[in-house]
Amino acid sequence: MCAICEFIDYRFQVKKTPRYFTEKEASNETEERKEPPVPLPIIKEEVKPETESEQPVSGKNVRSNFAHRNGKPIRKKQEKVLQIPIDPAALLRHSRGVTMDMEGVKTKFHKINEKRKDINIEYAAVQAARAEILLHEEEGYLEADEGESTTNIAQREIVENVDITTAAKHFNLALDFGPYRTRYTKNGRYLLLGGKRGHIGAFDWVKKQLLCEMNVLESVHDITWLMNQTMYAVAQKNWVHVYDHKGTELHCIKTMHRSVRLEYLPYHFLLNSAGENGFLSWMDVSVGQSVGNYNTKMGKISVMTQNPWNAVTCVGGSKGVVSMWSPMVRDPLAKMLCHPVPLSAIAIDPKGIHMATAGLDRQVKIWDIRQLEGPLETYHINTAASEVELSQRGLLALSMGDVCEVYRRDNSSNADVMKPYIRHRTNGSIASIRFCPFEDILGVGTSKGFVSLIVPGSGEPNFDTYEANPYQSRSQRHEEEVHRLLEKVPAEFIALNPTQIDEVDVPSAKERLEQKVKILTMKPPRIDFEPRKRNRVSKAKLVQIKRNVKETRFREAANELREIKEKLLAEEEPSTESSDFIPLESKSVLDRFSTKKKKKATK
């Protein structure tokens, strides 16, 4: 070997680093320090036998799917996802009915679309049922002993057997300016009271902190909160006044004259009022503009509520008819004959599914407000109900004189009917009843004050903080106001079926025919033109200019209209003659000598 080769071999010789312990000793130490292995869940996998095509061919190098390093694969094999079973009752609650029958669908394209819709609907129902595991709160209810009824349990006994926080929510206010109208905010934290003789009070009823209290020295017919607890509207003797949370008057709405009922649409920022003269009015409180003002021709409106699902205003008349109104339509969207006698109260549940009506015939009926069908249920009571209210969990509250009754559906029994749940007698005639959102509380306004009743199981125990947060801070309230204004729904979208917004508006055959008739019978418009007066131009010249311009413009409009009519007629009567069409009678050169009558006959 030459000297250069020996030098290269010496320079590139690999030197081994010194080790302080041998590999056998290291392996023994690690085995001693190892903890007992955690038992893993046993997953049974089906082992498929290798076919002849899958077996490696002998004598050939087969490349593996995973790269190996030190005899171990880099990527681990994916384990199977653990499937958690779903409660069948939860699936049934979120189910949207049976799938569509594909026998009537003709084309393959539409069948695929309908199947895709069914798959998406089923997936949404499964996900909604899975999400119920996050709703850890459950509603409570009263359960009486065998042979007893829950209506015999007084509020005093309920207060003695509940926790201190719930017991503090039962209170009685003795006030001298009744009868009182009541209203809770959307998150159920603040309470607004309005007495018939001018007394107004707003306070945090949970902490018992007063926001404002005053007397407007006028009769107060109804009250309502606006976007949140910072503003509220009061229907006074002549007009509707708007106040802030400190009692300062912000605005006087004189377009709402002698209003007796008020409603607020939170997603549209619309204040709705019903007057003594039968007029319905809507005002956008975000910009201060009137949206609609229509005469219902029903006389004094004393029964009115809103549908939270589609923001339609429901008005009860003296003929037992419930009419549904939108601010963009002068006539009612729909009418329902609910009772043969005048209505005394109506209420719609927060989900917008059912409507409860009460009439002077001492009956209470439950209707399907979405399908405009019913009555689904009918209940007979001793006296006519003056107020009706539905809670978030489906409880029904009635007021009859100085007695307040709450009905609840008994889920333990097979009979799907409501039974008396709680009965309470007040010290004065009841003027209004309201369920508090997200609380088991029923607020009762009487002629001698206000009573807060504990009704177990009436409120929704799980709330969405993005929708209504009872523990809202000031910064969260400011942020919510901005988001609400940015997401405000236009008043034009108020309709009986709000899901029609994303559908295509296809004109019917009658509408298309009316449009064609209108175009064919259209006449050229009348031309109005006045020439500009200039110096050194005589009056006769101005008249001539005016006549010439009118004739020119009229001729242009007539020609344009004629072209539109000819184009429309050509589309209606397309030529059925093909290129290889042979007429029965051949046209000759001598046809030009025939008379007009013969030409028309041949045509």
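This passage walks through a sheet, some backbone oddities and the salt bridges of a predicted model.

Starting with the sheet, 4 strands line up in the order 8-9-10-11, and they form an open sheet with antiparallel pairing. Strand 8 (222-225) sits at one edge and strand 11 (249-253) at the other, each of them pairing on one side only. Going from one strand to the next, the twist averages 20°. As background, the strands of a sheet pair through backbone hydrogen bonds, in either a parallel or an antiparallel way. Here, strand 8 runs antiparallel to strand 9 (residues 231-235), and the two are held in register over 4 bridges. For a handle on that register, Thr224 has Ala233 of strand 9 as its bridge partner.

Next come the backbone oddities, beginning with cis peptide bonds. One is the bond from Gly178 to Pro179, where omega is near 0°. Pro179 belongs to the loop between strand 3 (172-174) and strand 4 (180-184). The bond from Gly374 to Pro375 is cis too, with omega near 5°, but Pro375 is found in strand 23 (residues 373-380).

Positive phi values also turn up outside glycine. Lys208 has a phi of about 60° and is placed in the loop that joins strand 6 (199-204) to strand 7 (209-215). With a relative accessible area of 41%, Lys208 is partly exposed. Arg258 is another non-glycine residue with positive phi, in this case near 50°. Its place is the loop between strand 11 and strand 12 (259-265), which puts Arg258 just after an edge strand of the open sheet described above. Arg258 is likewise partly exposed, at a relative accessible area of 33%.

On to the charged pairs. In general terms, side chains of opposite charge can pair when their charged atoms come close. Searching the whole structure turns up 19 salt bridges. One of them brings together the side chains of Arg181 and Glu387, at 3.5 Å from N to O. This is a link between distant parts of the chain, since Arg181 is in strand 4 and Glu387 in strand 24 (residues 387-390), 206 residues apart. Neither residue is left out in the open: Arg181 and Glu387 are both buried.

A second pair is Arg189 with Asp204, whose closest N and O atoms are 3.2 Å apart. Arg189 is in the loop between strand 4 and strand 5 (190-195) while Asp204 is in strand 6, so this salt bridge ties together parts 15 residues apart in sequence. Arg189 and Asp204 are both buried as well.

The pair Arg484 and Glu480 is a helical case. Their closest N and O atoms are 3.4 Å apart in a salt bridge, and both residues lie in helix 7 (residues 474-486), 4 residues apart or about one turn of the helix. Where does the burial cut-off of 20% leave these two? Arg484 counts as buried because its relative accessibility is 19%, whereas Glu480, at 21%, is partly exposed.

Finally, some salt bridges share partners, and in this way Arg181, Arg183, Asp222, Glu263 and Glu387 are joined into one network.

Conventions: Residues numbered from 1 in each chain as written. Predicted model: local features only at pLDDT ≥ 70, side-chain atom pairs only at ≥ 80, totals over all residues. Heavy atoms only, no water. Pairing = 2+ DSSP bridges. Axes fitted to C-alpha atoms, helices over the stretch in contact; angles between N-to-C directions. Buried < 20%, exposed > 50% of the residue type's maximum accessible area, 1.4 Å probe, protein only. Salt bridge = Lys/Arg side-chain N within 4 Å of Asp/Glu carboxyl O.
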